[in-house]
Amino acid sequence: MDAIVTRGLTKYYGRTRGVEDVSLAVPRGCLFGFIGPNGAGKSTLIRALLGLIRPTAGQAEVLGMDVVRDREKILARVGYLPAEAAFWPGMRVREVLKLSAGLRKLDCRRQAEALCERLRLDPARRVDELSLGGRKKTSIVCALQHEPELLILDEPTGGLDPLMQREFFALLRERQAQGTTVFLSSHILPEVQHSCARAAVIRAGRIIAAGPVTELAGAGARRVVLRGRADIERLPGVRDLQTTPEGAGFLYSGDINPLLAALAAGDVKDLTMSEPDLEEVFLHWYEEGGAGI
């Protein structure tokens, strides 16, 4: 059984589009990336999965339960980290963590203490005295301390320094090894590429690509940089061509033999070919409006 399944999920706010016809499956035990720029519909989908908003059309199931009918049961088994968290002013970190655990009728003191130590979070500090990173750490502990089956994380690393980002992803990998499913929404492409096994890309409220991250990043394309001259401009597989007096750089997809023939017929002094990173593919999808490269 998949941890998350949506079928034609649609949400409109009046005439304004939130998400449209989203069909998605997130396998259990997977660290799944959900990629899109601000305004693409990432947070809308997350709120629908948590039952915080009611879909306009379509269906969604989380841990085998309907997001509308079984909302409270789902929330009991999910850890949620919002992009921006707000706390009651004057409360100390330990009080926030106790309140979060108490809402679930759980004693999470041991886990909370261990997580605070890992993230270098002082539980005696008042939340309104914390930096953005400190507030983010507090949110992370709230999401993880009850050891949920599914973690839904919306832009989780904002405000964290590089050391804490590394520790945070170490925590996620440990939880995944224990069977936890992680749904990580982000617009930071490298952290998805380096941490997630599978991902989906959303643009203007619609899923435009989904699958293993290695396939999304490669998409059958190569990043080519050559020094010298070759007649490659008219090859159908050439994309994102950038020329300089010394040579050219471009993305190439499709049959490689025409490219090799064009290079052999030219005057090429040096050549490198590599897989493009996810950010290059992502920018192509958004700027060119295509479904891949």
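Visitor: How many residues does helix α6 have, and what is its reach from first C-alpha to last?

Guide: Happy to start there: this is a predicted model, where local features need pLDDT of at least 70, side-chain atom pairs count only at pLDDT 80 or more, and totals for chains, interfaces and linings use all residues. Residues are numbered from 1 along each chain as its sequence is written, and side-chain values use heavy atoms, leaving out hydrogens and water. Helices (DSSP runs of H or I, at least four residues) and strands (E, at least two) are numbered from the N terminus. The expected span, 1.5 Å times one less than the number of residues, is 22 Å for α6, and the helix, with 16 residues, reaches 23 Å.

Visitor: Where do the buried residues of α6 fall, seen down its axis?

Guide: Buried means under 20% relative accessible area and exposed over 50%, with partly exposed in between (1.4 Å probe, protein chains only). The buried residues of α6 include Phe168, Leu172 and Arg175. The arc uses directions from the helix axis to the C-beta atoms. The buried residues span an arc of 150 degrees, so they line one face of the helix.

Visitor: Which residue caps the N-terminal end of α6?

Guide: Good one! The backbone nitrogen of leucine 163 lies 3.0 Å from a side-chain oxygen of the capping residue. That residue is aspartate 161.

Visitor: Is serine 186 buried or exposed?

Guide: Serine 186 is found in strand β8. Its C-alpha atom is separated by 7.2 Å from that of glycine 33, 153 residues apart along the chain. Its relative accessible area is 0%, so serine 186 is buried.

Definitions and conventions: Polar contact = N/O pair within 3.5 Å; in protein donor to acceptor, adjacent residues only side chain to side chain.
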